[in-house]
Amino acid sequence: MNINLKDTLVDDTIIVQVQPVLEQVQTVTTHFDIVGNLLWDNLFAPLLFGISIPLVYKFVKKLLKRYNLKKYQSKIIREDQYKVLVNNVCLEDKYFRINKINDDEFIIPFPETREKKLEELGFRKVYKKNKNQCLHNSLYNYISKYYGEQLTYRGENYSIPEFITRLSEETADVFIHEMHQAKLRFNKYLYGIYDVRVDEDDKCEISVYNSDYFTYKCTVNLYNALATIPVKSCFPDFNVNVAQVRPFYNSVAVGGFVIIDRGNGDELVTGFRGENCQSGGYWHFSYDETFTEDDKSDEDDQPNLMTCLRRALSEELGILRKTQEKCIPTSQITFLNVGVIRTAGNDNRLEFEVCSFVRVCLSEAFTLEDFIHGYRFAKDAEIETRCLEFIPIKELDKFISTHKISPESKHLAQTISLLNDFNLLGTDKEGYHEILEANKQ
């Protein structure tokens with residue numbers, strides 16, 4: 001089924017392969033540890049303290065799930081253009097935790113020669129002043145290490161600060177040109193990645209700093225400009241050492257697929273991206289939002305991935321927050337991995353992605369017609385996607401091989417296909433049952 005917003009032909013685009021990047025591998029608990037912990041937590045301890053025998057059934061079910069997760073982990077797909085840093089191999093809730101670095105931010109200011117024009121066109125200045133120069137110094141040191149103190153760019157010589165200013169001017173010129181063409185462009189605070197690591201509790205902690213959209217586009221252009229400068233050991237020989245290239249990781253996206261069962265088994269909902277947004281002209285996630293300061297938890301006012309994901313469902317698919325209570329229990333939301341996107345073409349970029357998937361549970365309270373109606377009137381639907389397509393999960397491999405699909409979406413689709421093979425996606429009925437139980441309380 002295809003939900004069209006517009007009747008538009010798609011030009012062919014060539015996917016350019018890039019060099020593979022290094023990969024960090026998470027340490028995994030042994031089979032003996034898993035079985036031992038499960039026996040104690042779910043069998044011996046309950047019996048010791050007089051809890052009923054029927055819990056044995058729950059133990060066996062969990063043990064089989066862990067076994068399947070181990071099999072799935074050994075077959076995780078690796079892609080050259082999307083590199084996974086950390087996998088949530090046990091599909092645990094709240095596996096990824098966000099830690100805000102309060103003293104570090106990275107903002108490239110508007111160039112003085114373009115500042116007035118940008119503000120006249122409504123491209124607002126969201127920053128005040130950098131709290132410190134730590135990430136600026138990190139950027140200068142990294143460029144200096146590979147290119148020296150003087151760079152030749154488009155036939156002219158620049159110091160590193162002059163080079164960054166030149167790129168900020170070119171970035172501003174693009175925005176000015178696009179806004180003169182009545183394209184929607186605005187500036188806002190974003191979160192950048194400071195570090196990603198698995199902590200002592202075996203949870204993944206993602207540390208973030210403040211940046212903004214103008215800075216993100218500047219560093220995208222900076223990355224492309226550096227790639228044109230021939231050196232022996234240049235930046236495009238890229239690796240995923242986060243601490244080394246923090247200033248280039250100043251945008252985080254939270255994206256993923258909706259899984260839905262319309263009566264014929266599980267299907268993946270994929271969107272075709274419009275030319276005006278990232279990954280334009282490719283099949284992509286059902287939802288994909290940039291992680292911003294709007295995405296803070298109501299409980300502690302801290303950056304929260306779940307808040308961003310629920311905002312994405314509301315703004316891009318039209319499943320409003322109140323409606324999500326009827327069709328998407330929290331247990332049907334899985335944050336699967338974090339990784340780095342590296343694309344090739346005219347708009348090369350480095351960007352962090354948090355990949356997820358969500359099961360939408362259809363019922364009398366939320367029907368397929370409700371889903372389609374919500375998408376048609378979603379706030380950002382027409383900006384982000386031209387249409388949605390329902391792909392049976394059992395046919396994902398065929399779809400991937402015959403369609404242009406963004407690297408992060410391709411990786412996630414292949415991983416979901418594997419999870420489905422190991423019966424790890426849950427079911428619509430299980431999710432709906434949880435909603436009914438929650439409503440009774």
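**View 1. Six rings gather into an aromatic cluster in this predicted model.** Phe110, Phe123, Phe175, Tyr213, Phe214 and Tyr216 make up the group. Across the structure there are 16 aromatic pairs.

**View 2. Here's a close-up of the ring pair Phe272 and Trp283.** The ring centres are 5.2 Å apart and the planes meet at 65°; anything over 60 counts as edge-to-face, so that's what this pair is. Phe272 belongs to strand E9 (residues 266-273) and Trp283 to strand E10 (residues 283-284), so the contact ties together parts 11 residues apart in sequence. Both rings come out buried because the cut-off is under 20% relative accessible area: Phe272 has 6%, and Trp283 has 11%.

**View 3. Two charged side chains sit over aromatic rings.** Arg262 lies over the face of Phe390, 4.3 Å from the ring centre. Over at Tyr282, the charged end of Lys404 is 5.9 Å from the centre of the ring.

**View 4. Three strands build an open, mixed sheet in the order E3-E7-E6.** E3 (96-105) and E6 (189-198) take the edges with a single partner strand each, so one side of each has no neighbour in the sheet. From one strand to the next, the twist averages 30°.

**View 5. Zooming in on E6 and E7, we get an antiparallel pairing with a helix packed on the sheet.** Nine bridges join E6 to E7 (residues 204-212). As an example, Arg197 has Glu205 in E7 as its bridge partner. Helix H6 (residues 213-227) touches E6 and E7, and its direction makes about 100° with that of E7.

Methods
Residues are numbered from 1 along each chain as its sequence is written. This is a predicted model: local features need pLDDT of at least 70, side-chain atom pairs count only at pLDDT 80 or more; totals for chains, interfaces and linings use all residues. Side-chain values use heavy atoms; hydrogens and water are left out. Rings of Phe, Tyr and Trp (its six-membered ring) pair if their centres lie within 6.5 Å; planes under 30 degrees apart count as stacked, over 60 as edge-to-face and the rest as tilted. Helices (H or I, at least four residues) and strands (E, at least two) are DSSP runs, numbered from the N terminus. Buried means under 20% relative accessible area, exposed over 50%, partly exposed in between (1.4 Å probe, protein chains only). A charge sits over a ring if NZ of Lys or CZ of Arg is within 6 Å of the ring centre and within 35 degrees of the ring normal. Two strands pair if DSSP finds at least two bridges between them. Axes are lines fitted to C-alpha atoms, for helices over the stretch in contact, and angles run from 0 to 180 degrees between N-to-C directions. Contact means heavy atoms within 4.5 Å.
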